[in-house]
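Student: I should like to learn how to read the features of a protein structure. May we go through one together?
Tutor: Certainly; let us look at it first.

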Amino acid sequence: MSGPPSTPPPAESGPATESSPRKKHAFVTVGSTRFDALVQAVQTDAVLAALRTRGVSSLTVQGGEAVREFNAEQLQAATAGGARYGIDVEAWAYKPSLQEDYERADLVISHAGSGTILDVLRLRKPLVVIPNPSLLDNHQQELADALADLGHLKTCTVDTLAQTVESLDEASLVPFPQFDGSRFREMLDEEMGYPPEPPK
Amino acid sequence: MDLDLVSSCLCVCLAGILWRVSSVVLARHRKPRPTRRHSEHCHLAVFLGSGGHTSEALMLLSALDFDRYSPRTYVISEGDALSARKATALELSKAANPDNSTVRISSPISGYCGCLNRTCTASCLKGRLREPYTILTIPRARRVHQPIYTTPVTATRSLLACIYHVTLIPLVARTSFADVLVLNGPGTCFILCLAVLLNQILGIHSPRVVYVESFARVRSLSLSGKLLRPLVDRFVVQWPGLLEADRRGECLGWLV
């Protein structure tokens, strides 16, 4: 209810220019955790080139602390790196809600937090997740692998990000089911002794 | 001689308490379900454990009929203003659109109570909104990065607060804490469950406890899941690989 559903996608992808394919936008997020390796990886030539081959012309990076600690030089290097591949790069640390950024993106590259995964998959956006290997109790990896096995997303490491982005076949991704609250509702109603709802 | 008498009395008392505790813990598996009429209300309490736990818990709640599950008590940890905001956002959106079971709660609204800052407390929320819900704050059992040897102190403080709200107030005021308590982790929710267990031992009204393991748990239960599994009335997971055939619990598939 909080995100105005009427917000149109920003002009970035707006009027299609001549015969060229629609310009695409990629969004990278590390959530609230520290994941400098991912922030660095998306600045590498290999990943930028891979994004370019997908038609990506703008890239937004939510990089957390890594971006907060950027000095002017590093920030400039990041934009200059993108410019070499014709990609507008924008980076910032945090925002209260990333929903609008997910909505705007044609491709999301993310840490493997379950909240982010649910939000992005429910918007039916192509998603590449990179479980953070520096998290000790790494059940992120389990979730990423399980959802990748079911075909809902792709998972990789920072080292294989470029290949994964390049070879990503959006059509092969299996749509993730929308939220269905009825199972929890029915379970709780049953547990609390309510008679079952009459079938509609 | 007197000393013998005292110690044997103590032994008998201790044995009695142990028997009571064990019978309560064992009886949980057999506790019969209540029956309710269609129109009857059910007081629901939920623990919002911050971050992903809060998002998942509120997602689950968004599917419920709020006329039926009324009133509602949101239990949050000290200093977790964000969970309070998210709970209020859910309440507002349900009030505006009661039939909508797919309310988006990932982005909390701001400025709902006029204070606009992050230190907005539960009491300031309550004052502004006369909705049939309350937000209850309890101390954390353990803070992130807190050294392990100080945990018993903070956990005890947390337990006392839980006992105060779950056991003592209902006992004195002759009310009940809630009819059902929904938990999904992390640590502090175990403490809350201990207070519920105390109610059972004392034979006073106690909520049925439902635990829902996080969507993020695919192959191994969380610590709170492992601890709570033998204690709760209903233990639900979202991935089938989490349950061994002979242990309690059920898999309902993805719930969030």
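Student: In which loop of chain B is P186(B) found?

Tutor: Before the answer, a word on the source: this is a predicted model, in which local features need pLDDT of at least 70 and side-chain atom pairs count only at pLDDT 80 or more, while totals for chains, interfaces and linings use all residues. Residues are numbered from 1 along each chain as its sequence is written, chains are lettered from A and ligands numbered from 1 in the order in which they are written, and side-chain values use heavy atoms, with hydrogens and water left out. Helices (H or I, at least four residues) and strands (E, at least two) are DSSP runs, numbered from the N terminus. In chain B, P186(B) is found in the loop between β4 (180–183) and α6 (188–202).

Student: What is the peptide bond from G185(B) to P186(B) like?

Tutor: That bond is cis, with omega near -10°. A cis peptide bond also joins S70(B) and P71(B), where omega is about -5°. P71(B) has its place in the loop between α2 (51–62) and β2 (72–77) of chain B.

Student: Which value does phi take at S50(B) and at R174(B)?

Tutor: For S50(B), phi is near 80°, a positive value in a residue other than glycine. R174(B) likewise has a positive phi without being glycine, near 55°. S50(B) is in the loop between β1 (44–48) and α2 of chain B, and R174(B) is in the loop between α5 (151–173) and β4 of that chain.

Student: Is R174(B) buried or exposed?

Tutor: The terms rest on relative accessible area: buried means under 20%, exposed over 50%, and partly exposed in between (1.4 Å probe, protein chains only). R174(B) is exposed because its relative accessible area is 77%, whereas S50(B), at 24%, is partly exposed.

Student: With which residues is E213(B) in contact, leaving aside its neighbours within four places in sequence?

Tutor: Contact means heavy atoms within 4.5 Å. By that rule E213(B) is in contact with several residues, including E56(B), L221(B), V236(B) and L242(B). E213(B) counts as buried, because its relative accessibility is 1%. The place of E213(B) is the loop between β5 (208–212) and α7 (223–228) of chain B. Its C-alpha is 5.6 Å from that of N184(B), although the two are 29 residues apart in sequence.

Student: How many residues does each chain give to the contact between chain A and chain B?

Tutor: Chain A gives 37 residues and chain B gives 48 residues. The size of an interface is often given as the accessible area lost when the parts come together. Buried area is that loss for two parts, found with a 1.4 Å probe and summed over both. Here the two chains bury about 3,900 Å² between them, with 61% of it on carbon and sulfur atoms.

Student: How many salt bridges are counted between chain A and chain B?

Tutor: A salt bridge is a side-chain nitrogen of Lys or Arg within 4 Å of a carboxyl oxygen of Asp or Glu. Five are counted between chain A and chain B, and 17 over all chains. In one of those between the chains, E191(A) meets R208(B) at 2.8 Å, N to O. Another salt bridge links the side chains of E191(A) and R33(B), at 3.3 Å. E191(A) lies in helix α9 of chain A and R33(B) in the loop between α1 (2–27) and β1 of chain B, so the pair joins two chains. E191(A) is buried, with a relative accessible area of 1%, while R33(B) is partly exposed, at 43%.

Student: Which residues are linked with these in a network of salt bridges?

Tutor: The network links E190(A), E191(A), R33(B), R208(B), R234(B) and E250(B). Within chain B, R234(B) and E250(B) form a salt bridge whose closest N and O atoms are 2.5 Å apart. R234(B) lies in strand β6 (residues 234–237) and E250(B) in strand β7 (residues 250–251), so the pair ties together parts that are 16 residues apart in sequence.

Student: What does R183(A) touch, not counting residues up to four places away in sequence?

Tutor: R183(A), in helix α9 of chain A, touches L252(B), G253(B), W254(B) and L255(B). R183(A) counts as partly exposed, at 34% relative accessibility.
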